[in-house]
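This report covers helices, pockets, cysteines and backbone geometry. Look at the sequence and the structure first.

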Amino acid sequence: MNAISNQNSNRFLSLDMFRGLTICLMIVVNTPGTGAHFYDYLTHAEWFGFTLADLVFPSFLFAMGNAMSFSMGKMKETAARVFWKKVIKRSIIIFLLGYLMYWFPFFRQGMDGAWELKPFAETRIMGVLQRIALCYFVTAILFYYLSEKAAIIISVLILLGYWAILYLFGQSGAELEMATNAVTRFDLFVLGEGHIYKRDSIPFDPEGILSTLPSIVNVIAGFIAGTFIQKIGKTFEGIAKLLLVGFLLMALARWWDLVLPISKKLWTGSFVLYTVGIDLSIMAVLIYFIELKQKHFGVEFTTVFGKNPLFIYLFSELFFITLRLIPVNQEMDAFEWVSERIFQRIFPGSFGAFVTAIVFMLVCWSLGWWLNKKRIYIKI
């Protein structure tokens, strides 16, 4: 998607590094080694609460908004017909890529041993790329037609409206419980149990339809931050303002957490404010060291991910799924065998699970490095 992978010459190195870091961490979080418990801070919170892993996806959405702020100028100059064609095309392609990723490998072995097509009725419809597609679609339209001030007002209305929806349409007295909240009810009603994520304690989709609504605000915040950074970002005044707003949003989120707990899976308003506040603070620190102090340690490594972000993410997911499908013996697949027979023996326990994830991430990075070396940038 050009809004994510477009290599504009005026983009700050700090923004490229921020985007690359989110992909890097996303791969690490999604591919922990087996045979030992993964580190708690790299595992998503069970329901309420916050870990480093919970920051990754909203940061990717924030980075997408950042990148969109650089491309929107040209998009606004195009005719509405051209704009709609481009946005709809990108959104549909990204959504379909996400859907096909969850359907992969498309076939399965039936009870009689014969191969059959995996039924559509059991395929997850929503997911990470699907949420990215929907957030991109809505945010692009907002900023094509409306001002930043209007987008901020809409963001406030979205967060407050989503809060009201949770309490108006959740089961009375259990509005925020996994099985009885409005998000679960809505997804089950619209999608049906067969099309929902099933690897939690109950069928519940952390990237469902209704909870996508507040995640749009993360993209809007990234867009507004991007335009601000372009104006006065490379100054101490700009850094100070980013830190100040970041701190205020985190403080407001912690206050809101008292009545609407921070929850990544529900994507509550307090979670949105908290993650945006952290992202603004991280951006300020990166701008200070990379743009002002000219400290470029790690920039080249992380920007490899940022050059082909969606492609590398998609590859990491499909590669991981493929490894889990290859049996090595009756007890282990290929990924488990490498994790337990190699890394767990060298680094027993949680560190071995962590090293497995790091090595897997480096394999994905190697593909990105080769693509960058060949100047191949896969855009949608």
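Helix 3 is largely enclosed by the rest of the structure, because 21 of its 26 residues are buried. The model is predicted. From its first C-alpha to its last, helix 3 reaches 39 Å. That is close to the 38 Å expected at 1.5 Å a residue. Helix 3 also has a kink of about 45 degrees, centred on Ser-71.

Helix 11 is another enclosed element. Seven of its nine residues (299-307) are buried, so the rest of the structure largely encloses helix 11. The buried residues of helix 11 are Val-299, Thr-302, Thr-303, Val-304, Phe-305, Gly-306 and Lys-307.

**Pockets**

Where is empty space left? Rolling a probe the size of a water molecule over the atoms shows this. The largest pocket holds about 1,600 Å³ of space. Its lining counts 46 residues. Closest to the centre of the largest pocket are Tyr-102, Arg-124, Tyr-197, Arg-199 and Glu-317. Four elements give two or more residues each to this lining: helix 2 (13-30), helix 3 (52-77), helix 4 (80-103) and helix 12 (309-325). Helix 12 gives the most, with seven residues.

The second largest pocket holds about 600 Å³. There, 23 residues form the lining. Ile-152, Ala-221, Ile-224, Val-245 and Leu-249 lie nearest the centre of the second largest pocket. Helix 6 (148-169), helix 8 (212-232), helix 9 (236-256) and helix 10 (269-292) each give two or more residues to the lining. Which helix supplies the largest share of the lining of the second largest pocket? Helix 8 does, with eight residues.

The table sets out the lining of each pocket by class.

| Pocket | Nonpolar | Polar | Charged |
|---|---|---|---|
| Largest pocket | 24 residues | nine residues | 13 residues |
| Second largest pocket | 18 residues | two residues | three residues |

**Helix 12 and a distant partner**

Leu-310 is found in helix 12. Is Leu-310 buried or exposed? Leu-310 counts as buried, because its relative accessibility is 10% and the cut-off is under 20%. Leu-310 and Met-17 are 293 residues apart in sequence. In space, the C-alpha atoms of Leu-310 and Met-17 are 15 Å apart.

**An exposed loop serine**

Ser-172 sits in the loop between helix 6 and helix 7 (182-191). Ser-172 has a relative accessible area of 69%, so it is exposed; the cut-off for that class is over 50%. Ser-172 and Ile-287 are 115 residues apart in sequence. Their C-alpha atoms are 46 Å apart in space.

**Cysteines**

How many disulfides does a search of the whole structure find? The search finds zero. Take Cys-24. Its closest cysteine sulfur belongs to Cys-364, at 9.8 Å, which is too far for a bond. A disulfide needs two cysteine sulfur atoms within 2.5 Å. Cys-24 counts as buried, at 10% relative accessibility. Cys-135 is buried as well, with a relative accessible area of 0%.

**Backbone geometry**

Most residues other than glycine have a negative phi, and most peptide bonds are trans. Three sites in this model stand out against that background.

The first is a peptide bond. From Phe-104 to Pro-105 the bond is cis, with omega near 10 degrees. Pro-105 lies in the loop between helix 4 and strand 1 (107-109).

The next is Trp-267. Its phi is near 55 degrees, a positive value in a residue other than glycine. Trp-267 is found in the loop between helix 9 and helix 10. Trp-267 is buried, because its relative accessible area is 0%.

The last is Gln-294. Its phi is near 60 degrees, again positive in a residue other than glycine. Gln-294 is found in the loop between helix 10 and helix 11.

Definitions and conventions:
Residues are numbered from 1 along each chain as its sequence is written. This is a predicted model: local features need pLDDT of at least 70, side-chain atom pairs count only at pLDDT 80 or more; totals for chains, interfaces and linings use all residues. Side-chain values use heavy atoms; hydrogens and water are left out. On a 1 Å grid over the protein atoms alone, a cavity is a set of points where a 1.4 Å probe fits but cannot get out, and a pocket is an open set with protein on both sides within 12 Å along at least five of seven lines; lining residues have an atom within 4 Å of a point. Grid points are joined across faces, edges and corners, and a volume is the space filled by probe spheres set on the points. Ala, Val, Leu, Ile, Met, Phe, Trp, Tyr, Cys and Pro count as nonpolar, Asp, Glu, Lys and Arg as charged, and the others, Gly among them, as polar. The expected span of a helix is 1.5 Å times one less than its number of residues. The bend at a residue is the angle between axes fitted to the seven residues ending there and the seven starting there. Buried means under 20% relative accessible area, exposed over 50%, partly exposed in between (1.4 Å probe, protein chains only).
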